[in-house]
Amino acid sequence: MKAYTYIQKGTFQLTEKPKPVLLDDRDAIVKVTMASICSSDLHIKHGSVPRAVPGVTVGHEMVGVVEQVGAKVTAVSPGDRVTVNVETFCGECFFCKNGWVNNCTDPNGGWALGCRIDGGLAEYVRVPYADHGLNRIPHSVTDLQALLVGDVLATGYWAAQISEIREQDTVLIIGAGPTGLCTLQCVRQYHPKRIIVCDVDETRLTFVRKFAPEVIVTAPDGLKELVVDYSDHGGADVVLEVAGTPETFQMAWDCARPNAIVTIVALYDGPQTLPLPEMYGKNLTFKTGGVDGCHCAETLQLIAAGKIDTTPLITHRFVFHEIEKAFSLFEHRLDGVIKVAITMQ
Ligand SMILES: [Zn+2]
Ligand SMILES: [Zn+2]
């Protein structure tokens, strides 16, 4: 079968590989029907994910049809249409039992698919712990609607969930890229009084205006004054930092009111500074990433109920043999791309 493979730093290539087989009773083999590209794939390509293994098939955002299951798999059967979770987790260790599946102690726990074990930019993928790694897609939900459930939407759902959002709150989201937009959709489920979205990119802000007209959108200039104007207590009650630059990290705590929650969803290229003397007395609570992706069933229900729709984020579509073209478009952020969908055929 064809698989998009991490050869070495700077090189991904479409290669021929044997079709995966079951290696454990809890594995499933999934025939991939649609996949996407995530910025974490770019991080692998650029050599900034040291855990990524050269030779691995990349891709960790996909949906498909179960082809084969191991003897101990009970939650899915061959023929089921499923989302594939970016995270592998055993469901049995201390962290899994507490819902902190990102810290699963299994050797393949956390983000393994498309990083340390073969992922989903391929015709077939082996999914370990299939009872936890796969979720059946409701009949009324299309592959395209479900495509982002296992990774970027899971991140948005998790970020909103841990941020303790209340109906009287002003919530600031910094960053309106794919993760920021998924976070926005999930924050809306909590019905806060106001949502403010900040980004440097005017195209993204225009997208938010269309996509969520009730949201206040702004560029970073004058952000703090605007947040104070729209807040009841001198700053945002909740801030979600999804952009990942030193400037946005500073903005995040600076725009927060005393005793606010600041959730750091972003992945940074380097360490950030907490200027504690300046922050003294603000009594902030920081929460940090990565995603505990164990709520895909709930997210699929929200999609089925029409409460979440990520299809407007999918701006471009390709077929698998055009993967190089799709990757290049996404990597260089051409033509206003937010997310791509790749049909595997
Ligand atoms: Zn990802
Ligand atoms: Zn575990």
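In this predicted model, 14 residues of domain 1 make contact with nine residues of domain 2. On the domain 1 side of this contact, the residues comprise six nonpolar, five polar and three charged. The domain assignment places residues 2-151 + 292-343 in domain 1 and residues 157-288 in domain 2. The C-alpha centres of the two domains are 28 Å apart.

A convenient next stop is the nonpolar core. The largest such core has 107 residues, and the members that touch the most others are Ala28, Val30, Leu172, Ile173, Val197 and Val239. Helix α5 supplies the largest share of this core, with seven residues. Because domain 1 and domain 2 both give residues to the core, it lies between them. The surroundings of one of these well-connected members, Ile173, can be spelled out: apart from neighbours within four places in sequence, Ile173 is in contact with Gly180, Thr183, Leu184, Val187, Ile195, Val197, Leu240 and Val242.

Helix α5 itself deserves a closer look. This helix spans residues 152-162, and nine of its 11 residues are buried, so α5 is largely enclosed by the rest of the structure. The buried set runs through Val152, Leu153, Ala154, Thr155, Gly156, Tyr157, Trp158, Ala159 and Ala160. Among the elements that cover these residues are two helices, α6 (178-188) and α11 (296-304), together with β13 (236-241) and β14 (256-264). After α5 comes glutamate 164, which has a positive phi, near 50 degrees.

The strands can be followed in the same friendly spirit. Strand β3 (residues 28-35) is joined to β8 by four bridges, and the two run antiparallel. Within this pair, alanine 28 has valine 127 of β8 as its bridge partner. Alanine 28 is also one of the core residues that touch the most other members. Strand β8 (residues 124-127) is covered on both faces: Tyr124 and Arg126 are buried on one side, as are Val125 and Val127 on the other.

A further set of pairings involves β5 (residues 81-84). With strand β4 (residues 62-69), β5 pairs in the antiparallel sense over four bridges, and glycine 64 stands opposite valine 82 of β5. Three bridges join β5 to strand β9 (residues 134-136), again in antiparallel fashion. Here valine 82 has arginine 136 as its bridge partner in β9. Valine 82 thus faces glycine 64 and also pairs with arginine 136.

Definitions and conventions. Residues are numbered from 1 along each chain as its sequence is written. Chains are lettered from A and ligands numbered from 1 in the order in which they are written. This is a predicted model: local features need pLDDT of at least 70, side-chain atom pairs count only at pLDDT 80 or more; totals for chains, interfaces and linings use all residues. A residue is buried if 20 or more other C-beta atoms lie within 10 Å of its own, exposed if 12 or fewer, and partly exposed in between; C-beta atoms are placed from the backbone. Two residues are in contact if their C-beta atoms, placed from the backbone, lie within 7 Å. A nonpolar core is a set of buried Ala, Val, Leu, Ile, Met, Phe, Trp, Tyr and Cys residues joined through C-beta atoms within 7 Å. Domain bounds come from an automatic or database domain assignment. Two strands pair if DSSP finds at least two bridges between them. Ala, Val, Leu, Ile, Met, Phe, Trp, Tyr, Cys and Pro count as nonpolar, Asp, Glu, Lys and Arg as charged, and the others, Gly among them, as polar.
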